[in-house]
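Colleague: I'm new to reading protein models. Could you walk me through this one?

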Amino acid sequence: MKILYQIAIIFALCLTGEIISAILPFPFPASISAMLLLLLALFSGALKIDHIKEKSDFLLSNMAFFFIPAGVKVVEHLELITSIWWRFLIVVVVSTVAVFLVTAGTVSLVLRLEERRR
C-alpha cells in the first residue's frame, strides 16, 4: 500500500505540473513544473523524503529505461541528423561542456557552503 501512496504523490505532482504548463501563457515543460513543485514541497516540509523514497529509488535505478524513447526518435530522424551533423555536433559539445562547468561550479559552491556551515 505504501508504494501506491508514493506513486499517487508523484502522479499528482506530474498532473499539477501539466495543469500549470497548460495555464501558462508561454510554453513551459510540464516536467520542469512538476520538479519545481516537488522541490517546493520538500523545502516547505509539506512532503518528506520518506514519502517518496522507495518509488524514487526505483525510478532512479531504472533511469536507462526512460532513454529508450529518445534513442528511438534519434534513429527515426537519422536522415535529418545526418544532413545537419556538424551543427548537431556543435550543440552536443557546447551543451556538454556547459553542463560540466555548471556542475563543477555547483559542487564547489556546495562544498564551500558546507565548510562555512561547520
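Here is a short chat about the chain as a whole, then a few residues.

Modeller: One thing before we start: this is a predicted model, where local features need pLDDT of at least 70, side-chain atom pairs count only at pLDDT 80 or more, and totals for chains, interfaces and linings use all residues. Residues are numbered from 1 along each chain as its sequence is written, and side-chain values use heavy atoms, with hydrogens and water left out.

Colleague: How many helices and strands does the protein chain have?

Modeller: Helices (H or I, at least four residues) and strands (E, at least two) are DSSP runs, numbered from the N terminus. Here you get six helices and zero strands, so the pattern along the sequence reads α-α-α-α-α-α.

Colleague: Is the protein chain a compact globule or more spread out?

Modeller: For that we use the radius of gyration, taken over C-alpha atoms, and a globule rule of 2.2 Å times the number of residues to the power 0.38. The rule gives 13 Å for 118 residues, but this chain has 19 Å, well over that, so it is more spread out than a compact globule. Its C-alpha atoms fill a box of roughly 50 × 40 × 35 Å along the principal axes.

Colleague: What share of the 118 residues is buried?

Modeller: Buried means under 20% relative accessible area, exposed over 50%, and partly exposed in between (1.4 Å probe, protein chains only). In this chain, buried residues make up 12%.

Colleague: Ser33 and Pro25: which is buried and which is exposed?

Modeller: Ser33, in helix H2, is buried because its relative accessible area is 6%. Pro25 sits in the loop between helix H1 (2-23) and helix H2 (30-44), and its 78% makes it exposed.

Colleague: Which residues is Ser33 in contact with, leaving aside neighbours within four places in sequence?

Modeller: Contact means heavy atoms within 4.5 Å. By that test, Ser33 touches Gly17, Ile20, Ser21 and Phe28.

Colleague: And which residues make the nonpolar surface patch?

Modeller: Patch residues have over 30% relative accessible area and no salt bridge (a side-chain nitrogen of Lys or Arg within 4 Å of a carboxyl oxygen of Asp or Glu). Like charges are joined within 9 Å, and nonpolar side chains (Val, Leu, Ile, Met, Phe, Trp, Tyr) within 5 Å. Areas come from the Shrake-Rupley method with a 1.4 Å probe; for residues, only the protein chains shown count as cover. Here Trp85, Trp86, Leu89, Ile90, Val93, Val94, Val97 and Leu101 make a patch of about 830 Å². One of them, Leu89, is in helix H6 (residues 85-117) and is partly exposed at 46%.
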